[in-house]
Amino acid sequence: MPIEEANALRSSRLAALQAECAELWGGWPAAITLEIGCGHGHFLTAYAQTNPAEHCLGVDLLADRVARARKKARRAGRANLAFFHADAALLLEALPPAVRLQRIFVLFPDPWPKRRHHKNRILQAPFLQQLAGRALPGALLCFRTDFEPYFREVESLLSNHPAWRPEQAPWPFEFETVFQSRAETHHSLVARCTAPAP
Ligand SMILES: C[S@@+](CC[C@H](N)C(=O)[O-])C[C@H]1O[C@@H](n2cnc3c(N)ncnc32)[C@H](O)[C@@H]1O
């Protein structure tokens, strides 16, 4: 696709997401919990039920997964829960500017095991920087995967990142995801945002 066309498409997606954001939660809270790659929404729905005071947003690239997650949210009748069909990086741009992230979950992201595909992984240095730019100081990033090489790489990225510090903090909320139920084992990491407020 020619670059001008790609830019125009991105701008129109961003504008549509901003409009969707404006319609959701008329008055947005100062801070939200975000699940990136929420799939069918099992985890975040359970999380939002257990944490009714938190506003929870799930985002996934796949329309059918988001449709199922939305159905689940409707059935649960939770006003503090919503799902977006979008690329996570674009959604971060579309959020109302004052809204900050207090907790971020990334659970079993696609591992892209082949080296030439690593560029497709969601957790890379530029995205960690973008997340830190939207996070509250002290916010938690909770990452879980069954693919140990990805786990080690993210652990190293976070340990060397100026805005994130891995901690020995307990995993804040247990609820088995679809991909977790298929995994024999998994690795979890919690990191705290040390960046000053943007
Ligand atoms: C392996 S699945 C895991 C789903 C769920 N977290 C679970 O544990 O069952 C990874 C999910 O991340 C989504 N995803 C991948 N890249 C994404 C991106 N850039 N923005 C939003 N979602 C993304 C995929 O569409 C997929 O649903």
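This report describes the fold of a predicted model, some of its strands and helices, and the residues around its ligand.

## Overall fold

The chain contains seven helices and seven strands. Read along the sequence, these elements follow the pattern α-β-α-β-α-β-α-β-α-β-α-β-α-β.

The C-alpha trace spans about 45 × 40 × 35 Å along its principal axes. A compact globule of 198 residues would have a radius of gyration near 16 Å, and the chain agrees with this because its own value is 16 Å. Buried residues account for 29% of the 198 residues. Among contacts between residues at least 6 apart in sequence, 78% join residues at least 24 apart.

## Strand pairing

Strand S1 (31-36) pairs with strand S2 (56-60). The two run parallel and are joined by four bridges. One of the facing pairs is isoleucine 36 and valine 59, the latter in S2.

S1 also pairs with strand S4 (100-107). Here too the sense is parallel, and there are six bridges. Threonine 33 has arginine 103 in S4 as its bridge partner. S4 in turn is joined to S5 by six bridges, and these two strands run parallel. Leucine 101 has alanine 135, in S5, as its bridge partner.

## Covered strands

How many of the residues of S2 are buried? Five of its five residues are buried. They are split between two faces: Cys56, Gly58 and Asp60 lie on one side, while Leu57 and Val59 lie on the other. Both faces of S2 are therefore covered, since the residues on each side are all buried.

S4 is also mostly covered, with six of its eight residues buried.

## Helix H5

Helix H5 covers residues 125-134. Its buried residues are Leu128, Leu131 and Ala132. These residues lie on the same side of H5, because they cover an arc of only 100 degrees around the axis. An α-helix has 3.6 residues a turn, so residues three or four places apart point the same way.

What do the buried residues of H5 pack against? Their partners are S4, strand S5 (135-145), helix H6 (148-159), strand S6 (164-167) and strand S7 (187-193).

## Around the ligand

There are 20 residues around the ligand, and those that come nearest are Gly37, Gly39, Phe108, Thr177 and Phe179. The elements that give two or more residues to this shell are S2 and helix H7 (178-182). H7 provides the largest share, three residues. By class, the shell has 12 nonpolar, four polar and four charged residues.

Phenylalanine 108 is one of the nearest residues. It is found in the loop between S4 and H5. Is phenylalanine 108 buried or exposed? It has 21 other C-beta atoms within 10 Å, so it counts as buried; the cut-off is 20 or more. Its phi is near 50 degrees, a positive value in a residue other than glycine.

## A second residue in the same loop

Tryptophan 112 is also placed in the loop between S4 and H5. Its phi is positive, about 40 degrees, although it is not a glycine. Tryptophan 112 counts as partly exposed because it has 15 other C-beta atoms within 10 Å.

## Residues brought together from along the chain

Histidine 85 lies in strand S3 (residues 81-85). With 18 other C-beta atoms within 10 Å, histidine 85 is partly exposed. Leaving aside neighbours within four places in sequence, histidine 85 is in contact with Asp60, Ala63 and Val66. Of these, Asp60 belongs to a face of S2. Alanine 63 is 22 residues from histidine 85 in sequence, but the C-alpha atoms of the two are 5.8 Å apart in space.

Leucine 24 lies in the loop between helix H1 (3-23) and S1. It has 13 C-beta neighbours inside 10 Å and so counts as partly exposed. Leucine 24 and alanine 79 are separated by 55 residues in sequence, and their C-alpha atoms are 9.9 Å apart.

Key. Residues numbered from 1 in each chain as written. Predicted model: local features only at pLDDT ≥ 70, side-chain atom pairs only at ≥ 80, totals over all residues. Near = placed C-beta within 6 Å. Nonpolar A, V, L, I, M, F, W, Y, C, P; charged D, E, K, R; others polar. Buried ≥ 20, exposed ≤ 12 C-beta atoms within 10 Å, placed from the backbone. Arc of directions from axis to C-beta. Contact = placed C-beta atoms within 7 Å. Rg over C-alpha atoms; globule rule 2.2 N^0.38 Å. Pairing = 2+ DSSP bridges.
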